[in-house]
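Here are my notes on the model you passed along. Have the structure open while you read, since the points hop around the chain a bit.

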Amino acid sequence: MTATLDQARDLPLDAHVHTDLSPDSLVPIDVYAALAVELGIAELAITDHVDFDPRDPAFEYTSFEERERSVRQAAERWADRGLAIRFGAELTYNTSWDADLRDHLARHRYDFTIGSVHDWPGSPYVRSRLPRWIEGRGLDEIVGPYFEQVAAAARTGLFDTIGHFDVVKRYLQPYVTPAQLAAQPEIYETALQAIVDSGTALEINTSGLRHSVGETYPPAAVVERFRELGGIGVTAGSDAHRSDWLAWGLDEGYRILARAEFSELTFRRGGAPVAIALPERFALA
Ligand SMILES: [Zn+2]
Ligand SMILES: [Zn+2]
């Protein structure tokens, strides 16, 4: 598939990419790198999964050392071809393994970290429990446990960015629609405020554009609210698990950020955070 080849060749960064060192991707890092060069993407953050629950698929799927070696060696191979490759991770957050996660980050250094809430033991969003969980509950109660974990992830201050802020809308399909969630924006407020207060960046994750939810995680209105609340940092990633998903929808993601009056991405290359300007064509007229 070459759908992504239609896009412009000026995207500076895709900050959320999974390789075959994640259990749910089969793509070797060099395949992404070659595509990034072809697509004119200047920089990639490789963010393979790191899980802390032994029941989760990425738990000890690879070692830190193997992931770091893979990414650093690829970075060397591709540096002189105009592509920068950074060593990141998408760490699954839950309060129940907060201590393990802190310990991991104290011992291991990444260029860039994404904190994401996925599944956890007892999560009400497991398919088999979902209908019973939703029945008789208001939307705020339905999404409550998810956003409590997102807020807790932000408050740790451990992450550069919070991944796919409202991915819970995917778990809730088809029982709750994105439109229903959008009609009650107050359900996001506490978690958004926690991200703002902690100085963590908010990711716009464009994988939702290829999922049945049909919109980014989070959608434009939430990015705008983040801005109103005083949020200053944003990142953007395609969350690619397949080669044809690399940079998928990133153009749209960048546009949403620009409309919310963000002119740059916040990123980190191992040291202090850096700002990466959005291409000029996204600037508001
Ligand atoms: Zn994720
Ligand atoms: Zn991901």
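1. Let's start with leucine 257. Bear in mind that this is a predicted model. Setting aside residues up to four places away in sequence, Leu257 touches Ile204, Val223, Val234, Ala236, Phe262 and Leu278. Leu257 is also one of the residues that touch the most other members of the largest nonpolar core, alongside Tyr32, Leu44, Val150 and Leu246. That core holds 75 residues. Its biggest contributor is helix α5 (residues 139-156), which puts in seven residues.

2. Valine 234 is worth a click next, as it turns up in the contact list of Leu257. Val234 sits in strand β7. Is Val234 buried or exposed? It counts as buried because 23 other C-beta atoms lie within 10 Å, and the cut-off for buried is 20 or more. Ignoring neighbours within four places in sequence, Val234 is in contact with Ala201, Leu202, Ile204, Leu257, Phe262, Leu265 and Thr266. For a distance check, try glutamate 264: 30 residues separate it from Val234 in sequence, and the two C-alpha atoms are 7.7 Å apart.

3. Now the overall picture. The protein chain has 10 helices and nine strands. Its C-alpha trace spans about 60 × 50 × 35 Å along the principal axes. For 285 residues, a compact globule would have a radius of gyration near 19 Å, so the 18 Å of this chain agrees with that expectation. Buried residues come to 46% of the 285. Looking at contacts with a separation of 6 or more, 77% are between residues 24 or more positions apart.

4. Which helices should you look at for packing? Try α1 (residues 29-39) and α2 (residues 64-78), whose axes come within 10 Å and cross at roughly 35°. The crossing is right-handed. On the α1 side, Ile29, Asp30 and Ala33 take part, and they meet Ser70, Val71, Ala74 and Trp78 of α2. Sorted by class, that contact has five nonpolar residues, one polar and one charged.

5. Just ahead of that helix pair, have a look at proline 28, in the loop between β1 (14-17) and α1. Pro28 counts as partly exposed because it has 15 C-beta neighbours inside 10 Å. Beyond residues up to four places away in sequence, Pro28 touches Thr19 and Asp20. Arginine 242 is 214 residues from Pro28 in sequence, yet their C-alpha atoms are 9.7 Å apart.

6. Threonine 190 is another spot to visit, in helix α8 (residues 189-198). Thr190 is partly exposed, because 14 other C-beta atoms lie within 10 Å. Not counting residues up to four places away in sequence, it touches Phe147 and Ala151. Valine 150 is 40 residues away from Thr190 along the chain, with 9.5 Å between the C-alpha atoms. Val150 is also among the residues that touch the most other members of the largest nonpolar core.

7. On to the backbone. Most residues other than glycine have a negative phi, and most peptide bonds are trans. Where do the cis bonds listed here sit? One joins glutamine 173 and proline 174, with omega about 0°. Pro174 is in the loop between α6 (168-171) and α7 (178-182). Another runs from tyrosine 217 to proline 218, with omega near -10°. Pro218 lies in the loop between β6 (201-205) and α9 (220-228).

8. Last, two residues with positive phi. Glutamate 60 has phi near 50° and is placed in the loop between β2 (43-50) and α2. Aspartate 239 has phi near 55° and is found in the loop between β7 (234-237) and α10 (250-259). Which of these is buried and which is exposed? Glu60 is exposed, because it has 10 other C-beta atoms within 10 Å. Asp239 is buried, because 27 other C-beta atoms lie within 10 Å.

Key:
Residues numbered from 1 in each chain as written. Chains lettered and ligands numbered in written order. Predicted model: local features only at pLDDT ≥ 70, side-chain atom pairs only at ≥ 80, totals over all residues. Core = buried A, V, L, I, M, F, W, Y, C linked by C-beta atoms within 7 Å. Buried ≥ 20, exposed ≤ 12 C-beta atoms within 10 Å, placed from the backbone. Helix = DSSP H or I, 4+ residues; strand = E, 2+ residues; numbered from the N terminus. Contact = placed C-beta atoms within 7 Å. Axes fitted to C-alpha atoms, helices over the stretch in contact; angles between N-to-C directions. Left-handed = near helix turned anticlockwise from the far one by under 90°. Nonpolar A, V, L, I, M, F, W, Y, C, P; charged D, E, K, R; others polar. Rg over C-alpha atoms; globule rule 2.2 N^0.38 Å.
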